[in-house]
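Colleague: Take one strand of this model and go through it closely, together with whatever lies around it. I would like the pairing, the packing and the charged contacts in one connected account.

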Amino acid sequence: MLKSLMTEIFGVGPHPEETSGNLHDLQWEKRVLVIFSDPAGTKSDSQLRALMMDRDALRQRDLAIFTVDGNDVRPEFGSDVVPQAHTLRKELGCAPGTFAVVLVGKDGHVKSRFDDVVDPDVLFAEIDSMPMRQAEIHR
């Protein structure tokens with residue numbers, strides 16, 4: 001209960017070692033955004049900062065955000081699940097040391113991939129155009 005409340009209010013969950021899983025654990029519940037870190041970390045830090053400026057928009061779109069840096073995966077927003085780095089790299093096709101932002105829909109399929117920092121409004125527009133999101137908006 002406390003973990004769920006912390007996730008809902010603050011967008012963060014327990015320490016990564018407390019839970020583990022994979023993207024399938026989030027299917028039909030969350031849209032997932034995975035930020036694969038560049039070697040210097042500048043692009044990934046910039047991307048995360050830009051996204052976190054509008055937590056309400058993230059929450060409204062049921063987003064879970066993870067950063068992958070080397071073998072470390074950090075749940076940054078909206079999830080207690082902590083997938084393994086090698087699993088994310090394999091499932092989403094991203095080589096170590098390569099910056100990428102990958103959006104996965106609630107159906108578990110990759111919807112978009114970006115090789116550079118992307119404006120959050122572009123991501124939100126992409127999500128808002130999805131049929132499942134359209135249904136959520138009109139409920």
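Modeller: The account below starts from one strand and its sheet, then turns to the packing and the salt bridges.

The model is predicted. The strand is β2, residues 63-69, and it belongs to an open sheet of five strands with mixed pairing. In the order β3-β2-β1-β4-β5, β2 stands between β3 and β1. The edges of the sheet are β3 (72-77) and β5, each of which pairs on one side only. Averaged over the sheet, neighbouring strands are turned by 20° against each other, with direction ignored.

On one side, β2 runs parallel to β1, and six bridges join the two. Within this pairing, valine 32 stands opposite alanine 64 of β2. On the other side, β2 pairs with β3 in the antiparallel sense, over five bridges. Here isoleucine 65 is opposite phenylalanine 77 of β3, and valine 68 has valine 73 of β3 as its bridge partner. Two helices pack on the sheet. α2 touches β1, β2, β3 and β4, and its direction makes about 150° with that of β1. α5 touches β1, β2, β4 and β5, and its direction makes about 165° with that of β5. β2 is thus named among the contacts of α2 and also among those of α5. The connection from β2 to β3 is a hairpin with two residues between the strands, and glycine 70 in the turn has a positive phi of about 65°.

Next, the packing. Of the seven residues of β2, six are buried, which leaves the strand mostly covered. In soluble globular proteins, nonpolar side chains tend to be buried together. The largest nonpolar core of this model has 19 residues, and the list of those with the most contacts inside it is Leu33, Leu51, Leu58, Leu63 and Ile65. β2 is one of the elements that give two or more residues to this core; the others are β1 (31-36), α2 (42-52), α3 (55-60), β4 (100-104) and α5 (120-128). Another core, of 18 residues, lies apart from this one and includes Ala64, Phe66, Val73 and Cys94. Leu63 and Ile65 therefore belong to the largest core, while Ala64 and Phe66 belong to the other. Leucine 63 shows how the first of these residues is surrounded. Leaving aside residues up to four places away in sequence, leucine 63 touches Val32, Leu33, Leu58, Phe77, Leu103, Phe124 and Ile127, among others. Lys30, Arg31 and Gly78 are also among its contacts.

Just ahead of the strand is aspartate 62, in the loop between α3 and β2. Aspartate 62 is not a glycine, yet its phi is positive, near 55°. Its relative accessibility is 23%, so it counts as partly exposed. The side chain of aspartate 62 meets that of lysine 106 in a salt bridge, with 2.7 Å from N to O. Lysine 106 lies in the loop between β4 and β5 (110-114), so this salt bridge ties the loop before β2 to a part 44 residues apart in sequence.

Lysine 106 is itself buried, because its relative accessibility of 8% is under the 20% limit. Lysine 106 also forms a salt bridge with glutamate 136, where the closest N and O atoms are 2.7 Å apart. Glutamate 136 is in helix α6 (residues 131-137), so this pair ties together parts that are 30 residues apart in sequence. With 15% relative accessibility, glutamate 136 counts as buried. Glutamate 136 has a further salt bridge to arginine 133, with the closest N and O atoms 3.6 Å apart. Arginine 133 and glutamate 136 sit three residues apart in α6, about one turn of the helix, and both are buried.

These pairs are parts of a network of salt bridges that links Arg31, Arg61, Asp62, Lys106, Asp128, Arg133 and Glu136. In the whole model, the count of salt bridges is ten. Arg31, a member of the network, is also among the residues that leucine 63 touches.

To put the parts together: β2 pairs in parallel with β1 and in the antiparallel sense with β3, has six of seven residues buried, and follows a loop whose aspartate 62 is joined by a salt bridge to lysine 106.

Methods:
Residues numbered from 1 in each chain as written. Predicted model: local features only at pLDDT ≥ 70, side-chain atom pairs only at ≥ 80, totals over all residues. Heavy atoms only, no water. Core = buried A, V, L, I, M, F, W, Y, C linked by side-chain atoms within 4.5 Å. Buried < 20%, exposed > 50% of the residue type's maximum accessible area, 1.4 Å probe, protein only. Helix = DSSP H or I, 4+ residues; strand = E, 2+ residues; numbered from the N terminus. Contact = heavy atoms within 4.5 Å. Salt bridge = Lys/Arg side-chain N within 4 Å of Asp/Glu carboxyl O. Pairing = 2+ DSSP bridges. Axes fitted to C-alpha atoms, helices over the stretch in contact; angles between N-to-C directions.
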